Amino acid sequence: MRKDYHMHPSVLRVPGGFDEFAGQALRRGIGEVCITDHMPLASHKGDRILPGHVEEYRREVLTIKEKWAGKLTVKLGIEVDYFPALTTEMAEVFDAGEYDWIHGSTHLHVVRRDLFGTECTFNEYANLSFENTLEAVQTGLFQSLSHIDIHRWAFSRQDRFQLVDDGYDVQRHMPIISQILDAVKARGMRLEINTHFAANTGDFENVYPEIPIVELALEKGVLFSFGSDAHSADHVGILLDELHAHPVYAKALETWEDD
C-alpha cells in the first residue's frame, strides 16, 4: 500500500483544508496518510500549531480520522523540532497524549539564527546539523527521522542565509552519518525519504536523503518511510512514481510499502 506519512495541512488554521489533501492522496493511489503538523515554537509561529493548542490539534486530527474512515486511513502524527533548549515545547507535545507517528527533525535555521553569518561554512553547518540529529535519535522519542540532510536546502538559499560555501561534500560527513543510521536501526526507527525540497525546486536530485546516505542505510538494514512533507494539497504523494522508478529509492520504499 502507498502511504504518505508527512504532511502539514495546518488543521487548526485551515478548518476543512485537509479534505483537499485527502482528495489528492486518493488520486495518487495513496491509501494511508499521517497528519504531522509542526509542533509549537514560542519564538517562531510560522505554519505551526500555536503554543497551548496541542491537545486541540490532537482532537481535531482524531475527528478527521473518523470522518474519512472507510475511504482513507488517517493517522495522528506530529513533527517535533529537536533541540536541547526546546524542553518546554517538546514537553507540551509529549504530555498531550499518544500519537501514531512522531517525526524527529532538525531545523537549525529556526532555533539557531546566530549560525547564519560569515563565520559558519557549509560543512561546519552540516556537521552541527548532523550532531543535533544524532542527539535527537538517541533520545528514542521518535518513530522516524525526517529530512536528515535538510541543510542542503539552506545552502540553496543564499538570498536568505549567509553561509560560506566551502564545497559541501557528503562524504566528509559519513562517519557521523553512519552513527546516526546505526542509532536509527538500533531504536527501531525509520529513515524518511522526503520529496519536499525536490518538489519545490523541480529537481529530483534534491530528494532527501541523497543517494550515498540511502545506499549506506540499505547496507545497514535501516528501514525507511516516505513523506511528501506537503504544505499544500498538490504536493501530497508528489514524486512517488519517480521514486519507484529509481533503482535505489525503489529498494528503500519496498521496506515501507511492503510493511
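This passage describes three sites in a predicted model: Ala96, Glu89 and a charged surface patch. Residues are numbered from 1 along each chain as its sequence is written. Because the model is predicted, local features need pLDDT of at least 70 and side-chain atom pairs count only at pLDDT 80 or more, while totals for chains, interfaces and linings use all residues; side-chain values use heavy atoms, with hydrogens and water left out.

Ala96 is placed in the loop that links helix H3 (87-95) to strand E4 (101-105); helices (H or I, at least four residues) and strands (E, at least two) are DSSP runs, numbered from the N terminus. Ala96 counts as buried because its relative accessibility is 14%, buried meaning under 20% relative accessible area, exposed over 50% and partly exposed in between (1.4 Å probe, protein chains only). Beyond neighbours within four places in sequence, Ala96 contacts Val54, Glu55 and Arg58, with contact meaning heavy atoms within 4.5 Å.

Glu89 belongs to helix H3. Glu89 is buried but forms no salt bridge, and Arg48, the nearest side chain of opposite charge, is 9.1 Å away. A salt bridge requires a side-chain nitrogen of Lys or Arg within 4 Å of a carboxyl oxygen of Asp or Glu. Residues up to four places away in sequence aside, Glu89 touches Met39, Pro40, Leu41 and Ala42.

Glu119, Glu124, Asp165 and Asp166 form a negative surface patch. Patches of charge consist of residues with over 30% relative accessible area and no salt bridge, like charges being joined within 9 Å. Glu119 lies in the loop between helix H4 (108-111) and helix H5 (122-138), and is exposed at a relative accessible area of 53%.

Key:
Patches are made of residues with over 30% relative accessible area and no salt bridge: like charges are joined within 9 Å, nonpolar side chains (Val, Leu, Ile, Met, Phe, Trp, Tyr) within 5 Å. Accessible areas come from the Shrake-Rupley method with a 1.4 Å probe; for residues, only the protein chains shown count as cover. Lys and Arg count as positive and Asp and Glu as negative; His and the chain ends are not counted. The place of a charge is taken as NZ of Lys, CZ of Arg, CG of Asp or CD of Glu.
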